Amino acid sequence: PPMLARHPVSFAEARAGGWTRGVCLHVVDGDTADFLLDLGWYQYAYVSLRLAGVDAPELRGVDAAERKHARQARRRLSALALRRPVLVESHREGW
């Protein structure tokens, strides 16, 4: 895909650093987004990922203040990542 062809880091450089190249295609909320990841050999995956160490307010929060902060968090993550190249490092609790 063209969006990955323009990625500033090569596939080999990313893998050598323990990362996966990707592009953010959709922001779900302040701590979750959908990415197109480059798996190599012309294989790609569209995945939804939660950001490690980030706990944003919920869009379906219990009150108006929580929902307002959740929308602000989603806008901020969109400004930082949407349609931008990223490097993804996998983390798992307990690993």
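Which residues of H3 are buried? The buried residues of H3 are Ala70, Leu77 and Ala81; buried means under 20% relative accessible area, exposed over 50% and partly exposed in between, with a 1.4 Å probe and protein chains only. They lie on the same side of H3, because they cover an arc of only 30 degrees around the axis, the arc being that of the directions from the helix axis to the C-beta atoms.

The model is predicted, so local features need pLDDT of at least 70 and side-chain atom pairs count only at pLDDT 80 or more, while totals for chains, interfaces and linings use all residues. Residues are numbered from 1 along each chain as its sequence is written, and side-chain values use heavy atoms, with hydrogens and water left out.

## Overall layout

The protein chain has 3 helices and 4 strands. Helices (H or I, at least four residues) and strands (E, at least two) are DSSP runs, numbered from the N terminus. The order of the elements from the N terminus is α-α-β-β-β-α-β. Along the principal axes, the C-alpha atoms of the protein chain fill a box of roughly 45 × 35 × 20 Å.

Of the 95 residues of the protein chain, 31% count as buried. Its accessible surface is about 6,800 Å², and 54% of that belongs to carbon and sulfur atoms; accessible areas come from the Shrake-Rupley method with a 1.4 Å probe, and for residues only the protein chains shown count as cover. Among the contacts with a separation of 6 or more, 46% are between residues 24 or more positions apart. Contact means heavy atoms within 4.5 Å.

## Helix H3

Helix H3 covers residues 64-81, and its 18 residues should span 26 Å at 1.5 Å a residue; the end C-alpha atoms are 26 Å apart, which agrees. The expected span is 1.5 Å times one less than the number of residues. The buried residues of H3 pack against strand E1 (20-29) and strand E2 (32-40). On the other side of H3, Ala64, Arg75 and Arg76 are exposed.

At the N-terminal end, Asp63 caps H3, with a side-chain oxygen 3.3 Å from the backbone nitrogen of Ala65. Just after H3, Arg83 has a positive phi of about 60 degrees.

## The nonpolar core

The largest nonpolar core holds 9 residues: Cys24, Val27, Ala33, Phe35, Leu37, Leu77, Ala81, Val86 and Val88. A nonpolar core is a set of buried Ala, Val, Leu, Ile, Met, Phe, Trp, Tyr and Cys residues joined through side-chain atoms within 4.5 Å. E1, E2, H3 and strand E4 (85-88) are the elements that give two or more residues to this core. E2 gives the most, with 3 residues.

Leaving out residues up to four places away in sequence, Val86 touches His7, Thr20, Arg21, Gly22, Val23 and Phe35.

## Residues outside the helices and strands

Four residues are set out here by location and relative accessible area.

| Residue | Location | Relative accessible area |
|---|---|---|
| His7 | loop between helix H1 (2-5) and helix H2 (11-16) | 8%, buried |
| Asp31 | loop between E1 and E2 | 1%, buried |
| Val54 | loop between strand E3 (43-50) and H3 | 32%, partly exposed |
| His91 | segment after E4 | 54%, exposed |

The side chain of His7 reaches the backbone nitrogen of Val9 at 3.1 Å. Not counting residues up to four places away in sequence, His7 touches Arg21, Gly22, Pro85, Val86 and Leu87.

The side chains of Asp31 and Thr32 are joined by a polar contact of 3.2 Å. A polar contact is a pair of N or O atoms within 3.5 Å; within protein, one must be able to donate a hydrogen and the other to accept it, and residues adjacent in sequence count only if both atoms are side-chain atoms. Beyond its neighbours within four places in sequence, Asp31 is in contact with Leu49, Arg50, Leu51, Val54, Asp55, Ala56 and Leu77.

With the same kind of neighbours left aside, those within four places in sequence, Val54 is in contact with Gly30 and Asp31. The C-alpha atoms of Val54 and Ala12 are separated by 28 Å, and the two residues are 42 residues apart along the chain.

His91 and Glu89 have their side chains joined by a polar contact of 3.5 Å. His91 and Arg50 are 41 residues apart along the chain, and their C-alpha atoms are separated by 9.9 Å.
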